[in-house]
Amino acid sequence: MSPQSGRRRRGGVVWLLGLAFIGLPLLELYLVIQVGQVIGAGWTILLLVLDSVLGAIIVRREGGRAWRALREALAQARMPHRELADGALVLIGGTLLLTPGFVTDAFGALLVLPVTRPAFRGLLARAVASRLVVFPGPGGPGGPGGPAAPRSPGPGGPRGPGDDERPGPVVRGDVVDPPE
């Protein structure tokens, strides 16, 4: 990655954060005022409170489902990538649902509801994958010593876990700290 592309990415993040922390509250305030002018201040406040209460109920239900699915995946000894993504989306969506405002509530509901969550799960997976850096083991992935290297005893006899990094016989002994 060139230094220029790093600067562009940081510039995009700064704009995104500025929009999130300045633009979104202004938009929320504008919408609350507009809704208040149409239905009245009391009804607007009641609508925002009911919206938050309903959001909390939905988050509790969907969060419990995500937690149970995560526990099942771990009990079956399989990678819980889908379950972790669902948990993260429910957490983010729940935070947005509990934040007063109509835009954040709408976006939070999209993240939490099981009907729309799979679309955001895919977006989250692509965003995380684009930021991952993979360092292959010695010899590359699948090469000698790489992550797909077979774990078989070498010419020195049986080997313990983690001993497959160095070929040759295993020497048993004690580790002694050097004097200070």
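This passage describes the helices, the salt bridges, the largest pocket and a nonpolar surface patch of one chain.

The structure is a predicted model, and the features reported below were computed from its atoms. The chain contains five helices and zero strands, so that its elements, read along the sequence, follow the pattern α-α-α-α-α. Of the 180 residues of the chain, 21% count as buried.

Six salt bridges were counted in the model, and several of them share partners. In one of these, the side chains of Arg-61 and Glu-62 meet with a distance of 2.9 Å from N to O. The two partners are set apart by their surroundings: Arg-61 counts as partly exposed because its relative accessibility is 42%, a value that lies between the limits of 20% and 50%, whereas Glu-62, at 2% relative accessibility, counts as buried. Glu-62 also takes part in a second salt bridge, in which its side chain meets that of Arg-117 at 2.7 Å, again from N to O. This pair links distant parts of the chain, since Glu-62 belongs to helix H2 and Arg-117 to helix H5, with their positions 55 residues apart in the numbering. Both Glu-62 and Arg-117 are buried.

Arg-117 in turn meets a further acidic partner, as its side chain forms a salt bridge with that of Asp-86 at 3.6 Å, N to O. Because Arg-117 lies in helix H5 and Asp-86 in helix H3, this pair ties together parts of the chain that are 31 residues apart in sequence. Arg-117 has a relative accessible area of 5% and is therefore buried, and Asp-86, with a relative accessible area of 7%, is buried as well. Through salt bridges that share partners, Arg-61, Glu-62, Arg-65, Asp-86, Arg-117 and Arg-121 are joined into one network.

Empty space in the model was examined next. Rolling a probe the size of a water molecule over the atoms shows where such space is left. The largest pocket found has a volume of about 570 Å³, and its lining is made up of 17 residues, among which Leu-16, Ala-20, Ile-92, Phe-107 and Leu-111 lie nearest the centre of the pocket. Four helices each supply at least two residues of this lining, namely H1 (3-39), H3 (81-98), H4 (102-112) and H5 (117-131). Of the contributors to the lining, H1 gives the most, with six residues. In terms of chemical character, the residues of the lining divide into 15 that are nonpolar, one that is polar and one that is charged.

Nonpolar side chains also occur together on the surface, where Val-38, Ile-39, Trp-43, Leu-46, Leu-47 and Leu-50 form a patch with about 620 Å² of accessible area together. The elements that give two or more residues to this patch are H1 and helix H2, which spans residues 41-75. The largest share of the patch, four residues, comes from H2. Leu-46, one of the residues of the patch, is found in helix H2. Leu-46 counts as partly exposed because its relative accessibility is 38%, and this value also satisfies the requirement that residues of a patch have over 30% relative accessible area. Helix H2 thus appears in two parts of this account, as it holds Glu-62 of the salt-bridge network and gives four residues to the nonpolar patch.

Conventions: Residues numbered from 1 in each chain as written. Predicted model: local features only at pLDDT ≥ 70, side-chain atom pairs only at ≥ 80, totals over all residues. Heavy atoms only, no water. 1 Å grid on protein atoms, 1.4 Å probe; cavity = no way out; pocket = protein on both sides within 12 Å on 5 of 7 lines; lining within 4 Å. Points joined across faces, edges and corners; volume = space filled by probe spheres on them. Nonpolar A, V, L, I, M, F, W, Y, C, P; charged D, E, K, R; others polar. Patch = residues over 30% accessible without salt bridge, like charges linked within 9 Å, V, L, I, M, F, W, Y side chains within 5 Å. Areas by Shrake-Rupley, 256 points an atom, 1.4 Å probe, with all protein chains shown as cover. Salt bridge = Lys/Arg side-chain N within 4 Å of Asp/Glu carboxyl O. Buried < 20%, exposed > 50% of the residue type's maximum accessible area, 1.4 Å probe, protein only.
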